[in-house]
Amino acid sequence: MQHDVSNWEQEKNYTFVQRIEEREMNPDGSVKTKKSQTEDIIFLYGQPYAHLIERNDQQLSDAEAKKVEKKLNDTMDKRSHETPAERQKRLEEFEKKHREEHSFLLEVPQAYNFKIEGEETLNGRAAYVISGQPRADFRPNLNPARVLPKLRPKLWIDKQDYEWLKLEADVIDTITWGGFLLRLHPGSHIELEQNWVNNEVWLPLHAHISFDARVALVKSIRMDIDAKFSDYKKFRTDSKIISIQEVQH
């Protein structure tokens, strides 16, 4: 878990492409609706930015493409004209939010009783297969860690680097966000995979979430979300970021 938290420092040096597909499911398991979007994830002045490049695996219409480029150029213009104090404040707020979102992972070792189920080879790497059962005496220190007792995890841990190659988790108790705004029901399932990139950093490879939920105690939904991450490229901090207008000129 410590490796996973500290890995962020290396992750910030890479741009990549992410494709996220959302499928709303019927009660019988068939697909009701489907949509996807593909984005370039780039770093603009120290902070990631999602630049839309495709919708439903199709090129953007001219009108939408213009809106997307305007949003990118406006963001670049705003960040390029920040004072040093403004930029420092923005980056500190971003780093603080990221730490809060990930630091609860350090509580994972206290949240479960772990058992080594065996060993497997995953993506060509030898791994320990470890299952976890929630501990009744676990008391979270951080608010996000409250979800841990409601998950039953299974992890594939790389035998060489002690990084997780794959993580699966079953929801075993209702998880609530925003008061009663969103309730995630037992039976929902999470899968995450990451890969060794450029012989220096572990980066996301694939994520899949299937869940039944109730929104605002009114609407029940069954969703299947699949995300794929690819085309990792190391970002040079001394690279010059230019706008679309500059390219055209």
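The paragraphs below go through helix H4, the nonpolar cores and the salt bridges of this predicted model.

Helix H4 covers residues 84-102, and its length can be checked against simple helix geometry: at 1.5 Å a residue, its 19 residues should span 27 Å, and the end C-alpha atoms are indeed 27 Å apart, so the two values agree. Within H4, the residues Arg90, Phe94, Glu95 and His98 are buried. These residues lie on the same side of H4, because they cover an arc of only 130° around the axis. The general reason for such a pattern is that an α-helix has 3.6 residues a turn, so residues three or four places apart point the same way. On the other side of H4, by contrast, Ala85 and Lys89 are exposed.

Turning to the interior, the largest nonpolar core is made up of 17 residues, and those with the most contacts inside it are Tyr112, Leu148, Leu151, Leu184 and Phe211. Two or more residues of this core come from each of helix H5 (108-111), strand S8 (164-171), strand S12 (201-215) and strand S13 (219-234). Leu151 shows what surrounds one of these core residues: when its neighbours within four places in sequence are left aside, Leu151 is in contact with Tyr112 and Pro134, and also with Ala169, Asp170, Val171, Ile172 and Ile175. Another core, of ten residues, lies apart from the largest one, and among its members are Tyr14, Val197, Val201 and Ala207.

The charged side chains add a further set of links, for the structure holds 17 salt bridges. In one of them, Glu21 pairs with Arg23, with the closest N and O atoms 2.3 Å apart, and both Glu21 and Arg23 are buried. Another salt bridge joins Lys234 to Glu200, where the closest N and O atoms are 3.0 Å apart. This pair links distant parts of the chain, since Lys234 belongs to strand S13 while Glu200, 34 residues away, sits in the loop between strand S11 (189-197) and S12. Lys234 has a relative accessible area of 48% and is therefore partly exposed, and Glu200, at 25% relative accessibility, also counts as partly exposed.

A salt bridge also forms between the side chains of Lys233 and Asp231, at 3.7 Å from N to O. Here Lys233 is partly exposed, with a relative accessible area of 47%, and Asp231 is partly exposed as well, with a value of 46%. Finally, salt bridges that share partners join Arg19, Glu21, Arg23, Asp57 and Asp224 into one network, which brings the buried residues Glu21 and Arg23 back into view.

Notes:
Residues numbered from 1 in each chain as written. Predicted model: local features only at pLDDT ≥ 70, side-chain atom pairs only at ≥ 80, totals over all residues. Heavy atoms only, no water. Core = buried A, V, L, I, M, F, W, Y, C linked by side-chain atoms within 4.5 Å. Buried < 20%, exposed > 50% of the residue type's maximum accessible area, 1.4 Å probe, protein only. Helix = DSSP H or I, 4+ residues; strand = E, 2+ residues; numbered from the N terminus. Contact = heavy atoms within 4.5 Å. Salt bridge = Lys/Arg side-chain N within 4 Å of Asp/Glu carboxyl O. Expected span 1.5 Å × (residues − 1). Arc of directions from axis to C-beta.
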